[in-house]
Amino acid sequence: MDEERLLSSPIDFGICTVQFPSMKACYKTKSEMERGHMLDYLLASSACFPVFPMTEINGYKYIDGGFSDNLPIDLALDMGADEIVVVDMHLIPVHPQYINRPSILYSCPPVDLGGFMDFNKDALERNRRLGYLMAYKLFGNYEGNQYTFLPSNQTVFHDYYKQLLMMEKEMRGFFNSNSSELTSLLLEANHQIILNLKDYTYITLDFIGELMGFDDLKVYAFEEYKNMILNAFEKYMEKDYFPQELSLTKVNLSFLQNHLNRESIVGFFLHQMKYKEAMDMKSYYTFCKKELMMASLIYLLIGGGSNEHH
């Protein structure tokens, strides 16, 4: 490594490593690293002990900075950063206090990326692809959360958002509470990052895609993804798919859980929405929230009405 070339660059950088055995965090910018040891500090910051050996510098041993701070946002702030792009590799954010902050763009993976020492080629290729798609979504080139879409404006974005507001209003009346449980489910899937209008639809489309096993490494046109859903649930929209006596007024939650899988429960709700003039779904709000959300969105995608009776 050419230390002088590195030092002469106008681009600064910093690292975090951990002194062993005290486990004290050590933060260094490039100007603070002793000459002749810059490469050692780089190795120390990535010494994932015990898989990789400790690095010794001036008689002290150091290991990976992740043992103390795997995402040193504070170091970036201390160094004077005006804008910060955070690439968090964890499903549960490491620094939730920096989510929803001006000039801090915080991203988390939509799915578990597996162990950080998993060098399986297929796993690495999958994670690389997911990271590529996430970056494009983060900067507005693509849309979506877990699944990826070409930019699109659809009337369903507004219609479904309004539908969820109506469902939550009904839930608050039924449970005598001030909660917004459906929005809470979407926020949880979005790592508590503030939802925009399209996120309500896109995250529910994630629920459907995950349920049906759609490929999350592709980039979809909205109509393409919509047609995949309609094809998958077409059978449930046949009038005679469910026996005539099988209706919300006669079926309890226990029957649904014991006789239908999650896909069929979504299909059953969808069937009820399509063919029943009036439905009372209040008793299903506790245990079938996601299924009701998915069915409501699919109903809108097939051209259903406003679903005000929900």
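Helices (H or I, at least four residues) and strands (E, at least two) are DSSP runs, numbered from the N terminus. The model is predicted: local features need pLDDT of at least 70, side-chain atom pairs count only at pLDDT 80 or more, and totals for chains, interfaces and linings use all residues. Residues are numbered from 1 along each chain as its sequence is written, and side-chain values use heavy atoms, with hydrogens and water left out.

**Exercise 1.** Determine where N100 lies and describe its backbone and its exposure.

*Solution.* Step one: N100 is located in the loop between β5 (84–87) and β6 (104–107). Step two: the phi of N100 is near 60°, a positive value in a residue other than glycine. Most residues other than glycine have a negative phi, and most peptide bonds are trans. Step three: N100 counts as partly exposed because its relative accessibility is 39%; buried means under 20% relative accessible area, exposed over 50%, and partly exposed in between (1.4 Å probe, protein chains only).

**Exercise 2.** Describe M23 and P21 in the loop between β1 and β2.

*Solution.* Step one: M23 belongs to the loop between β1 and β2, and its phi is near 60°, a positive value. Step two: with a relative accessibility of 37%, M23 counts as partly exposed. Step three: P21 is found in the loop between β1 (14–20) and β2, and the peptide bond from F20 to P21 is cis, with omega near 10°.

**Exercise 3.** Identify the surroundings of K28 and K30.

*Solution.* Step one: K28 lies in strand β2 (residues 24–29), whereas K30 is in the loop between β2 and α2 (38–45). Step two: K28 is buried yet has no salt bridge, that is, a side-chain nitrogen of Lys or Arg within 4 Å of a carboxyl oxygen of Asp or Glu. The nearest side chain of opposite charge to K28, E34, is 4.3 Å away. Step three: K30, at 6% relative accessibility, also counts as buried. Step four: leaving aside neighbours within four places in sequence, K28 has contacts (heavy atoms within 4.5 Å) that include F13, M33 and Y41. With residues up to four places away likewise not counted, K30 touches residues including L6, D12 and R35.

**Exercise 4.** State how the overall form of the protein relates to the globule rule.

*Solution.* Step one: the protein has eleven helices and eight strands. Step two: the radius of gyration is 25 Å, well over the 19 Å that the globule rule gives for 310 residues, so the protein is more spread out than a compact globule. The radius is taken over C-alpha atoms, and the rule is 2.2 Å times the number of residues to the power 0.38.

Note on methods: Lys, Arg positive; Asp, Glu negative; His and termini not counted.
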